[in-house]
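Q: Please take a close look at the second largest pocket for me. What lines it, and which elements do those residues come from?

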Amino acid sequence: MRGLRQVGSLFALALDVIVNIFRRPFQWRETLEQFWFIASVSILPAALVAVPFGAVIALQLGTLTVQIGAQSFTGAASVLAVIQQASPIVTALAIAGAGGAAICADLGARTIREEIDAMKVLGVSPVQRLVVPRVLATMLVAVLLNGMVSVVGVIGGYVFNVLVQDGTPGAYLASFTALAQIEDLIVGEIKAVIFGFIAGVVAAYRGLNPSAGPKGVGDAVNQSVVITFLLLFFMNFVITTLYLQVIPAKGA
């Protein structure tokens, strides 16, 4: 029952965030500050992780396509895998591990110092004042960071395919343009927005509900990262399944 109550409280906070996004006054300054902070702590880890992700995908798919005699489609397979799957996940993991942990720690420290309770007594909504700017910042960073990770991952896959596996640059690019479609990029950005929203809401929820004391804040940070990872992989499965059922493949 305790677990069900926590799940319900998490969903209730998500709905409160959606509702308070459209309420005034909007916290522009707080949102911009959080956007800059989350971007500054997430951009380097995301870029560093994107290179091996793209390389591993290119190497694995390159080996597989050679075995089945479809080496000319290595570029399309690796680029689509990076754009649709790897890039949104890498982006969300970087944001949750760096920005989300910082958000949870900040709100957790405010909670144990009873600042959140003081805001409620004064009639100030913590959700509108603190949570909404942080969630919006994670969503905006996720969208922009997803584009950067996609480019870095594709370049990494291209370099490893051409240099390590002796692939043909022209065939790599031609196969991508033959099979890819704009919907593949759109679904990647949609995933990034949803994943950013989940990372922000989970971090805020655990930060607003820590156990007593500094140890409780540390435990809440660890829990927020783990919960975010689990929800991200589940939502990725759901979105990918719906996308493959609704959007037909190019040339199908």
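A: First, the classes: Ala, Val, Leu, Ile, Met, Phe, Trp, Tyr, Cys and Pro count as nonpolar, Asp, Glu, Lys and Arg as charged, and the others, Gly among them, as polar. This is a predicted model, so to speak only of what it supports, local features need pLDDT of at least 70 and side-chain atom pairs pLDDT 80 or more, while totals for chains, interfaces and linings use all residues. Residues are numbered from 1 along each chain as its sequence is written, and side-chain values use heavy atoms, leaving out hydrogens and water.

Now to the second largest pocket (an open set of points on a 1 Å grid over the protein atoms alone, where a 1.4 Å probe fits, with protein on both sides within 12 Å along at least five of seven lines). About 220 Å³ of space lies in it, counted as the space filled by probe spheres set on the points, joined across faces, edges and corners. Its lining (residues with an atom within 4 Å of a point) consists of S9, L13, T111, I116, D117, K120, P126, V127, Y205, L208 and N209. Sorted by class, that's 6 nonpolar, 3 polar and 2 charged.

As for elements, α1, α4 (115-121), α5 and α7 each give two or more residues; helices here are DSSP runs of H or I, at least four residues, numbered from the N terminus. The largest share, 3 residues, comes from α4.

For comparison, the largest pocket holds about 320 Å³, and its lining has 14 nonpolar, no polar and no charged residues. There, α1 gives the most, with 6 residues.
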